Amino acid sequence: GNEMTNNKLLVILAAVATVVGSTAIWASDVYIDQAGSTTTIDIVQTGSGNTIGSSGTASTIIGDNSNIDLTQTGSNNTADIETAVGASGTIIDYTATGSTNILDVDISAANSTTTNVAITGDSNKVAVGADSASAVNNITIGANAVSDLNVVNLTQTGTDTPVVTLNVDGDSNAVNILQN
């Protein structure tokens, strides 16, 4: 009767307390398909194996004057962001602290874009392709701590001369810059 129901309830409550009390850490995956102007998106991910978009499905930003702030702290994280026509005035800020993180940014047919990348850690890979008039790219590797074995590939094309500021602190880093 009643005693049996109370025992079942106690068992269920004990099981719930066990699940709630555990501290499992799981990776998070974020996919953005955003259209519209004057958008602000802030994403903060902590831990390992997090993604923002993927090589198969990039997060896409369409619209003027978007401000995208991405922060990944940990290892083996990836971010894949692309813009399409109509992304003028877009600002992408990416900060990674950790190792073996991958950033892939593709900016297509836009005006006055700014990409700021700040990475602290080892064996990270950055690829930025900017097809944008008046593109500004600021890339900093190891501003807070010596960072080694990082790879930066920056391709800038557009109707005028794009601007890049690069600061690297560490050993055995590879930097490839191709400008029109």
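Here are short questions and answers on a predicted model.

Biologist: What kind of model is this, and how are its residues numbered?
Modeller: This is a predicted model, where local features need pLDDT of at least 70, side-chain atom pairs count only at pLDDT 80 or more, and totals for chains, interfaces and linings use all residues. Side-chain values use heavy atoms, with hydrogens and water left out, and residues are numbered along each chain as its sequence is written, from 1.

Biologist: In what order do the six strands of the open sheet run?
Modeller: Strands here are DSSP runs (E, at least two residues), numbered from the N terminus. Two strands pair if DSSP finds at least two bridges between them. The pairing in this open sheet is parallel, and the order is E3-E6-E8-E10-E12-E14.

Biologist: Which are the edge strands?
Modeller: An edge strand of this sheet pairs on one side only. That holds for E3 and strand E14 (163-168).

Biologist: Which residue in E12 is the bridge partner of Thr114?
Modeller: Strand E10 covers residues 114-120, and strand E12 covers residues 136-141. They pair in the parallel sense over six bridges. In E12, Thr114 has as its bridge partner Val136.

Biologist: Which residue in E7 is the bridge partner of Thr60?
Modeller: Strand E5 (residues 59-62) pairs with strand E2 (residues 33-35) in the parallel sense over three bridges. There, Asp33 has Thr60 as its partner in E5. E5 also pairs in the parallel sense with strand E7 (residues 78-83), over three bridges. In E7, the partner of Thr60 is Glu82.

Biologist: Is Gln45 buried or exposed?
Modeller: Gln45 sits in strand E3 (residues 40-46). Buried means under 20% relative accessible area, exposed over 50%, and partly exposed in between (1.4 Å probe, protein chains only). Gln45 has a relative accessible area of 2%, so this residue is buried.

Biologist: Which strand gives the largest share of the largest nonpolar core?
Modeller: A nonpolar core is a set of buried Ala, Val, Leu, Ile, Met, Phe, Trp, Tyr and Cys residues joined through side-chain atoms within 4.5 Å. The largest one has 25 residues, and Val126 is among those that touch the most other members. The largest share, four residues, comes from strand E9 (residues 102-111).

Biologist: Which residue's backbone nitrogen does the side chain of Asn150 reach?
Modeller: Asn150 lies in the loop between E12 and strand E13 (151-157). With a relative accessible area of 2%, Asn150 is buried. At 2.8 Å, its side chain reaches the backbone nitrogen of Asn124.

Terms used: A polar contact is a pair of N or O atoms within 3.5 Å; within protein, one must be able to donate a hydrogen and the other to accept it, and residues adjacent in sequence count only if both atoms are side-chain atoms.
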